[in-house]
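Hi there,

Here is the structure I promised to pass on to you. Have it open while you read, and click on each residue as I mention it.

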Amino acid sequence: MISLKKNDKIIVIVAVAILVIAGVAIATYQSPKTPETLPPTTTGEKTFEVVWAVRNGTLIGISEFAGKKSQYETTVMIPEGNLKSITFNLSWADDHMTLLKRMGLDSLTLEVTTPDGVTFTETSKSAPITGKGNITYTVATDIIPPVSFKAVDEKTAQAKLKEKPYYDDSWSNKNIKINVSVQIGELRILKKMRDKGNSFELKISYQYYDGILNEDTTKNTGGDPNTTPPPDDPWVQEPPYISMIINTGSGRYI
């Protein structure tokens with residue numbers, strides 16, 4: 001029987017121990033987990049913020065005559081939706097004034113009926129000396145709050161802006177009825193007979209909301225779906241302690 005020296009015995013014992021430990025490690029070793037594919041966080045849609053800009057528009061001015069026995073009547077239409085306000089400005093000059101231009105001043109009345117059936121009436125008298133008169137009235141609507149929505153692209157988002165609830169066409173191209181009447185101020189019979197009424201100018205302006213799209217990239221997060229996240233398996237993240245002993249002979253990183 002071969003007699004082993006003390007050092008040789010130690011080497012053999014260490015080698016056997018390493019083989020035993022390596023065998024246990026191989027038996028309990030599990031292959032690294034396949035990184036789980038994360039589902040996409042978006043559906044291909046983008047988020048668009050809508051900022052409402054205020055635009056101005058005007059209709060063709062009306063130059064007409066209101067008679068003392070027949071009021072002037074007409075209808076107008078606003079071609080835009082999302083109306084913010086409509087302003088009616090009626091102006092005139094009394095064409096039959098008495099001595100010192102202080103007596104017999106005419107009064108004009110503006111009556112407007114909106115598409116939803118609401119009527120407002122304003123009356124004003126010609127001013128002394130100048131004989132001029134003016135009525136200004138503004139119909140205001142509610143302010144549109146900022147909104148955001150999702151769409152595949154800008155073209156689709158623009159189409160959404162022309163649909164409810166982002167587009168209000170309840171007054172768009174609908175009849176707005178206008179009546180202008182005059183009340184003669186002259187009290188003397190002959191003067192009153194000669195005063196047939198008054199000419200006037202009516203100007204109509206309006207404001208409407210125009211939606212401007214801004215893509216909100218901060219709401220489209222979720223990372224690159226092609227990027228593989230780091231695995232959480234310890235065998236993949238760092239070398240196991242036993243394998244280091246087998247490969248390097250020590251428990252330290254090299």
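Below is what turned up when I went through it.

One thing to keep in mind from the start: this is a predicted model.

**The sheet**

Let's begin with the strands. Four of them, in the order β3-β9-β5-β6, make up an open sheet with antiparallel pairing. At the edges sit β3 (72-76) and β6, each of which pairs on one side only. If you ignore direction, neighbouring strands in this sheet are turned by 15° against each other on average.

Zoom in on one of these pairs: β3 and β9 run antiparallel to each other and are joined over 5 bridges. A handy place to look is Y72, which stands opposite V180 in β9.

**A threonine in β5**

Next, find T109, which has its place in strand β5 (residues 107-113). Is T109 buried or exposed? Its relative accessible area is 17%, and the cut-off for buried is under 20%, so T109 counts as buried.

What does the side chain of T109 make a polar contact with? The partner is the side chain of T123, at 2.8 Å. If you leave out neighbours within four places in sequence, T109 is in contact with T121, E122 and T123, and also with N179, V180 and S181. You have met V180 already: this is the residue that Y72 stands opposite.

**Two salt bridges**

How many salt bridges does a search of the whole structure find? The count is 2. The general idea is simple: side chains of opposite charge can pair when their charged atoms come close.

In one of them, D210 pairs up with R55, and the closest N and O atoms are 3.2 Å apart. D210 belongs to strand β10 (residues 197-215) and R55 to strand β1 (residues 46-58), so this salt bridge ties together parts that are 155 residues apart in sequence. D210 is partly exposed at 28% relative accessibility, and R55 is partly exposed too, at 33%.

The other salt bridge joins the side chains of D169 and K164, with 3.6 Å from N to O. Here D169 is partly exposed, with a relative accessible area of 33%, while K164 has 59% and is exposed. The cut-off for exposed is over 50%, so K164 with its 59% falls in that class.

**Some backbone oddities**

Stay with K164 for a moment. A cis peptide bond joins K164 to P165, with omega at about 5°. P165 is in the loop between α2 (154-161) and β9 (176-183).

That loop between α2 and β9 also holds N173. Which sign does phi have at N173? The angle is positive, about 55°, although N173 is not a glycine. N173 is partly exposed, with a relative accessible area of 46%.

I129 is another case to look up: its phi is positive at about 70°, and I129 is not a glycine either. Where does I129 lie? You will find I129 in the loop between β6 (119-125) and β7 (132-140). With 46% relative accessibility, I129 counts as partly exposed.

That's the tour. If you want a place to start, put T109 and T123 on screen and look at the polar contact between their side chains, then go to D210 and R55 for the salt bridge.

Cheers

Key
Residues are numbered from 1 along each chain as its sequence is written. This is a predicted model: local features need pLDDT of at least 70, side-chain atom pairs count only at pLDDT 80 or more; totals for chains, interfaces and linings use all residues. Side-chain values use heavy atoms; hydrogens and water are left out. Helices (H or I, at least four residues) and strands (E, at least two) are DSSP runs, numbered from the N terminus. Buried means under 20% relative accessible area, exposed over 50%, partly exposed in between (1.4 Å probe, protein chains only). A polar contact is a pair of N or O atoms within 3.5 Å; within protein, one must be able to donate a hydrogen and the other to accept it, and residues adjacent in sequence count only if both atoms are side-chain atoms. Contact means heavy atoms within 4.5 Å. Two strands pair if DSSP finds at least two bridges between them. Axes are lines fitted to C-alpha atoms, for helices over the stretch in contact, and angles run from 0 to 180 degrees between N-to-C directions. A salt bridge is a side-chain nitrogen of Lys or Arg within 4 Å of a carboxyl oxygen of Asp or Glu.
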